[in-house]
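Trainee: I have a structure open and would like to go through how its parts meet. Can we start with what counts as touching?

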2 protein chains.
Amino acid sequence: MNRLHRYLIIVAGGKGLRMSASKPKQFLLLAGRPVIFHTINRFTDYDPDIELIIVLPEDNIEMWKELCHQYEFKLNHNIITGGEERYHSVKNGLSLIKHESIIAVHDAVRPLVNNATIDRCFKKAENEGNAVPYIMPSESVREISGNNNRALQRDRIALIQTPQVFRSDILLSAYAGDYDTSFTDDASVIEAAGHKINLVEGNIENIKITTSEDLISAEALLGNLT
Amino acid sequence: MNRLHRYLIIVAGGKGLRMSASKPKQFLLLAGRPVIFHTINRFTDYDPDIELIIVLPEDNIEMWKELCHQYEFKLNHNIITGGEERYHSVKNGLSLIKHESIIAVHDAVRPLVNNATIDRCFKKAENEGNAVPYIMPSESVREISGNNNRALQRDRIALIQTPQVFRSDILLSAYAGDYDTSFTDDASVIEAAGHKINLVEGNIENIKITTSEDLISAEALLGNLT
């Protein structure tokens with residue numbers, strides 16, 4: 001059986017509002033190199049043939065090109081501008097899909113995904129249509145509703161990471177539907193289209209860099225990654 | 001009005017099963033000093049008059065005494081042995097409470113709680129009987145039930161930290177009730193006794209050190225703490 005073509009959509013939306021920094025967080029330096037280059041290399045190390053689609057806010061594209069030059073990032077890639085929310089950015093990225101394929105959607109600000117997580121996601125999605133990595137919280141968890149809140153059963157709560165990986169037909173048809181404000185990731189989009197989500201083990205270092213504290217942790221964890 | 005007496009119960013249960021280390025994680029070195037000493041000093045820096053109750057597994061007490069000697073930890077403190085689960089350890093700690101007071105219960109493995117979080121918790125508990133710090137997840141969140149799972153609304157999910165702070169009458173009467181396996185923290189115990197939980201803002205660095213990756217992050221974040 002021929003292996004399906006693989007795409008990687010890197011979503012670099014966000015204006016870094018939670019981070020006290022002038023640059024969008026995907027362009028901040030992690031061990032001397034912009035976060036997004038670390039992120040992309042995680043996947044190209046896993047599969048050098050993966051086709052790259054990078055979704056950037058329109059006003060970041062000039063900076064992206066300068067950084068590619070400055071840091072000698074020479075891999076072939078497609079660029080497309082992002083939309084209002086993460087959903088719209090992914091949808092723009094999907095407009096470049098040309099083959100029946102496996103599509104991984106990954107946050108630009110998760111440079112610490114490891115090889116094993118990427119592999120589990122692709123294998124599961126190739127076999128069962130979709131895969132989403134998760135970790136269990138080490139905290140107790142509460143659900144807030146208005147002024148009240150209540151304990152949730154911790155061992156039933158999964159914190160969801162990326163890459164979220166899908167067979168192209170499933171992801172494309174789900175994104176052809178209407179937008180809903182409850183869509184915080186791709187799993188929620190295909191779930192709304194009626195699919196059951198397959199959870200696979202993530203890796204604990206695979207944090208989303210949304211604050212300056214996260215960047216400090218990421219720099220420390222980078223040397224530890226396998 | 002006289003201020004109520006303040007207690008700090010440090011819960012150092014756990015056998016460090018998730019950590020590939022021979023020592024219990026509260027005794028691992030963080031910037032050259034056992035985690036638990038950092039943790040305790042967070043509170044004694046906030047209030048030098050706070051009364052310390054340290055709950056340790058029975059077979060850790062010898063090591064604790066050696067570490068106190070080695071690292072010249074000379075603060076007055078009460079020691080009591082822990083129980084089977086966190087609940088039983090806290091209950092043992094509560095047996096040493098002698099005054100109408102405000103009681104903070106804090107994980108030994110959270111050395112990065114900051115002064116502002118501690119202050120918010122005490123102020124709120126002094127005024128309203130209890131306070132529990134939380135942060136919002138940066139991840140999407142799913143609820144697992146059996147082989148299925150479903151998206152939860154992320155903006156309604158709170159990840160709960162410590163210190164959890166209570167008026168003594170509330171905490172003591174709640175712990176006088178029966179144990180339930182759903183008790184993962186003190187908030188869940190007083191909630192089961194009919195109290196409404198007051199959430200206050202935590203601090204993002206206030207991670208629970210349960211893995212070697214957490215220890216690496218904690219060491220990096222330590223210098224950043226206010």
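Mentor: Contact here means heavy atoms within 4.5 Å. Keep in mind that this is a predicted model.

Trainee: Fine. Which residues does A:Ser140 touch, leaving out those up to four places away in sequence?

Mentor: Within chain A, A:Ser140 touches A:Arg154. From chain B, A:Ser140 touches B:Ala158, B:Leu159, B:Ile160, B:Thr184 and B:Asp185.

Trainee: And where does A:Ser140 sit?

Mentor: A:Ser140 is in strand 8 of chain A, which covers residues 140–145.

Trainee: Is A:Ser140 buried or exposed?

Mentor: Buried, because its relative accessibility is 7% and the cut-off for buried is under 20%.

Trainee: What polar contacts does its side chain make with B:Thr184 and B:Asp185?

Mentor: There is one to the side chain of B:Thr184 at 2.8 Å. Another, at 3.4 Å, goes to the side chain of B:Asp185.

Trainee: Let's step back to the interface. How many residues of chain A and chain B are in contact?

Mentor: On the chain A side there are 44, and they contact 45 residues of chain B.

Trainee: How much area do chain A and chain B bury between them?

Mentor: About 4000 Å², with 53% of it on carbon and sulfur atoms. In chain A, the residues that lose the most area to chain B are A:Arg142, A:Ile144 and A:Arg156, together 17% of what that side buries.

Trainee: How many residue pairs are in polar contact between chain A and chain B?

Mentor: The count is 22, with both residues at pLDDT 80 or more.

Trainee: Which elements of chain A give two or more residues to the side that touches chain B?

Mentor: Three strands and two helices of chain A: strand 8, strand 9 (148–152), strand 10 (157–160), helix 6 (186–192) and helix 7 (212–222). Strand 8 gives the most, with six residues.

Trainee: What is the make-up of that side by class?

Mentor: The side of chain A that touches chain B has 17 nonpolar, 13 polar and 14 charged residues.

Trainee: Back to strand 8 of chain A. How does it run against strand 10 of chain B?

Mentor: Antiparallel, with four bridges joining strand 8 of chain A to strand 10 of chain B, residues 157–160. Take A:Glu143: its bridge partner in strand 10 of chain B is B:Ile157.

Trainee: Now salt bridges. How many does the rule find across the interface of chain A and chain B?

Mentor: Four. The side chains of B:Arg110 and A:Glu139 meet in a salt bridge, 2.7 Å from N to O.

Trainee: How many salt bridges are there over all chains?

Mentor: A search of the whole structure finds 24. As for B:Arg110 and A:Glu139, the pair joins two chains, because B:Arg110 lies in the loop between strand 6 and helix 4 (115–128) of chain B and A:Glu139 in the loop between strand 7 (130–135) and strand 8 of chain A.

Trainee: Are B:Arg110 and A:Glu139 buried or exposed?

Mentor: B:Arg110 is at 2% relative accessibility, so it counts as buried. A:Glu139 is at 11%, so it counts as buried too.

Trainee: Which residues are linked with B:Glu139 in a network of salt bridges?

Mentor: They are A:Arg86, A:Asp107, A:Arg110 and A:Asp186.

Trainee: What about A:Arg167 and A:Asp169?

Mentor: Their side chains meet in a salt bridge at 3.2 Å, N to O. A:Arg167 is partly exposed at a relative accessible area of 29%, and A:Asp169 is partly exposed at 43%.

Trainee: And B:Arg167 with B:Asp169?

Mentor: Those side chains meet in a salt bridge at 3.1 Å, N to O. B:Arg167 counts as partly exposed at 29% relative accessibility, while B:Asp169 is partly exposed with a relative accessible area of 41%.

Trainee: What stands opposite B:Arg167 in the strand pairing?

Mentor: B:Ile102. Strand 6 of chain B (residues 101–107) pairs with strand 11 of chain B (residues 164–167) in the antiparallel sense, over four bridges. Strand 11 of chain B also pairs with strand 7 of chain B (residues 130–135), antiparallel over two bridges. There, B:Asn130 has B:Phe166 as its bridge partner.

Trainee: Last one. Where is A:Ser182?

Mentor: In the loop between helix 5 (168–175) and helix 6 of chain A. A:Ser182 counts as partly exposed, at 44% relative accessibility.

How values were computed:
Residues numbered from 1 in each chain as written. Chains lettered and ligands numbered in written order. Predicted model: local features only at pLDDT ≥ 70, side-chain atom pairs only at ≥ 80, totals over all residues. Heavy atoms only, no water. Buried < 20%, exposed > 50% of the residue type's maximum accessible area, 1.4 Å probe, protein only. Polar contact = N/O pair within 3.5 Å; in protein donor to acceptor, adjacent residues only side chain to side chain. Buried area = accessible area lost by both parts, 1.4 Å probe. Nonpolar A, V, L, I, M, F, W, Y, C, P; charged D, E, K, R; others polar. Pairing = 2+ DSSP bridges.
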